[in-house]
Amino acid sequence: DAKIPAEIAALGEWIAENDAAVVVLSPGIKLLAEQGIVALEEAKERFSGMEELGNQAGQITAAFYMYRQMLGVVKAEVHTVAEGLRIDDAGNIRLGDRVRFTAGGRLAKISDASNRSTEDLLAGLPGGPFVGAVGASLSSECRELVAEWSSSLMKNNPALYGMKLSDEAADKYIELTLASMKAFRGFAMMVAPGEDGETILDSMLGIISTDDATDYLSKYEEAMDQFQKLIEESDSEFPYEIEMTKAEIAGVKGLKVAVDISAALAAQGGPPEATEMLEKIFGEDGKLTGHFLAVEKSKVLFSYGSEKTIERQIAALKSGAPGLAKEASIEKTAALLPDDAGLVAYLSPRGAVAWLKNILPNFVPADALWEMPEFPATPAVGFSAKMVSGGLETELVVPAELPKVVKEYVESMRQ
């Protein structure tokens, strides 16, 4: 008699809970990854010969390298992938993944070392209307892996970053990146619907969790200074001018980092229309300006909005009012997700519609706009991910009432 593979048998109870499930075992994963790598190499060859792409050719081929590396990790590190779909007794739609890593591999070792907790991953984000929010807690092993991955991309793909660093300079940058990541404990980020007249970035807010916010900013400043020196000392084509200064907003001190995106685009021969688009995204000066402020002893606020917007964000944080995690639309969905996840994310349909209503007039002619009624209040769509010994588990939840509300909303717009 045919025997059920051990990998599937280990997932038997979970598979039985789902209405439908698909399991891909190691041979299938390796085959798919290999086919993906071959397809990327073929595409890379085609693009590398397109002279009409100019400087973009190098960036495109570098992106292919990045995807090839990702597929290489999947081939070497992932042993089993299972996906299951079910509708629970309350009518909630659930889409879950169960990933098992290759025994002895780096991802397996990281998962074994990960400590799960029940902390509020959205801590520091103010309550109120929101479009989307994400929060994560990273183990030291995860932080090291992220830093190495980012640094490796820069070292092996200078075209992707617009730089040409020597091996020595690249190694120095990797060292700086690893040092700055050591104090990084986690992050939370949200997008709010925004207000009339604000840029897209005005509605974004993030919180970095660290042991000591002041020390973290000091190390970040040092890393940025060294990064600038590396660019100046190398035969670099880095097109962006970075300005970094001390900053203080609403009594909170930190750093201001500005990158002139519009000037770089103009220098590369970009069309005026692109510059106008950047000004609508970043503001009238076309600069990507970020503020990193030590808002609490262990929290750094980062925002790319105007100082007026940041003042409002700081006031909300210091008010003592319940945070975003206490919003009714999140609380109901959070109860459907694991309480020990290392990453959570939420999407508010009501907030997304409000956000679109605010930003579309900046990009769409008035006579082409359509009336969008306010979306009813509903629980948010939720997602979670957590490391378990030897693997990764994810869960996507669509609350039971949402599909019906979406259907009614679409029908109302057709009337």
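F292 is a good place to start: with a relative accessibility of 8%, below the 20% cut-off, F292 counts as buried. Keep in mind that we're looking at a predicted model. The ring of F292 pairs with that of Y220 in a tilted arrangement, 5.1 Å centre to centre and with 35° between the planes. Y220 sits in helix 9 (residues 213-233) and F292 in strand 9, so this pair ties together parts that are 72 residues apart in sequence. There's a bit more to it, since ring pairs link Y220, F292, F302 and Y304 into a cluster.

A search of the whole structure turns up four aromatic pairs. Another one to look at is F375 with Y409, where the ring centres are 4.8 Å apart and the planes meet at 55°, so this pair is tilted. It links distant parts of the chain: F375 is in the loop between helix 14 (349-363) and strand 12, Y409 is in helix 15 (residues 402-414), and the two are 34 residues apart. Are these two residues buried or exposed? F375 has 4% relative accessibility and counts as buried, and Y409 is buried as well, with a relative accessible area of 10%.

Back to F292 for a moment, because it's also a contact of L301, and L301 leads us into the core. Leaving aside neighbours within four places in sequence, L301 is in contact with L205, G206, I207, H291, F292, L293, V295, I310, Q313, I314 and L317. In soluble globular proteins, nonpolar side chains tend to be buried together. Here the largest nonpolar core has 26 residues, and L301 is among those with the most contacts inside it, along with L122, L125, F130, M190, L324 and Y346. Which elements give two or more residues to this core? They are strand 5 (184-191), strand 6 (204-210), strand 9 (287-296), helix 12 (307-318) and strand 11 (343-347). Helix 12 gives the most, with three residues. A second, separate core has 19 residues, including M181, F184, I261 and V300.

Now for the strands. Strand 12 and strand 13 form a hairpin with two residues between them, and G390 in the turn has a positive phi of about 85°. The two strands run antiparallel and are joined by seven bridges. On its other partner, strand 13 (residues 391-398) is joined by eight bridges to strand 3 (residues 93-101), again antiparallel. E395 shows up in both pairings: it is the bridge partner of G96, and it stands opposite S384.

S384 itself belongs to strand 12 (residues 381-388), and at 2% relative accessibility it counts as buried. Beyond residues up to four places away in sequence, S384 touches L337, P338, A341, L343, V344, E393, T394 and E395.

Helix 5 (residues 106-113) offers a look at burial along a helix: L107, A108, I110 and S111 are buried there. Seen down the axis, the buried residues of helix 5 fall within an arc of 160°, so they line one face of the helix.

Zooming out, the protein has 15 helices and 13 strands. Of its 415 residues, 39% count as buried. Among contacts with a separation of 6 or more, 71% are between residues 24 or more positions apart. As for the outside, the protein exposes about 22300 Å², with carbon and sulfur atoms supplying 55% of it.

Key
Residues numbered from 1 in each chain as written. Predicted model: local features only at pLDDT ≥ 70, side-chain atom pairs only at ≥ 80, totals over all residues. Heavy atoms only, no water. Helix = DSSP H or I, 4+ residues; strand = E, 2+ residues; numbered from the N terminus. Buried < 20%, exposed > 50% of the residue type's maximum accessible area, 1.4 Å probe, protein only. Contact = heavy atoms within 4.5 Å. Areas by Shrake-Rupley, 256 points an atom, 1.4 Å probe, with all protein chains shown as cover. Arc of directions from axis to C-beta. Core = buried A, V, L, I, M, F, W, Y, C linked by side-chain atoms within 4.5 Å. Phe/Tyr/Trp six-rings, centres within 6.5 Å; stacked < 30°, edge-to-face > 60°. Pairing = 2+ DSSP bridges.
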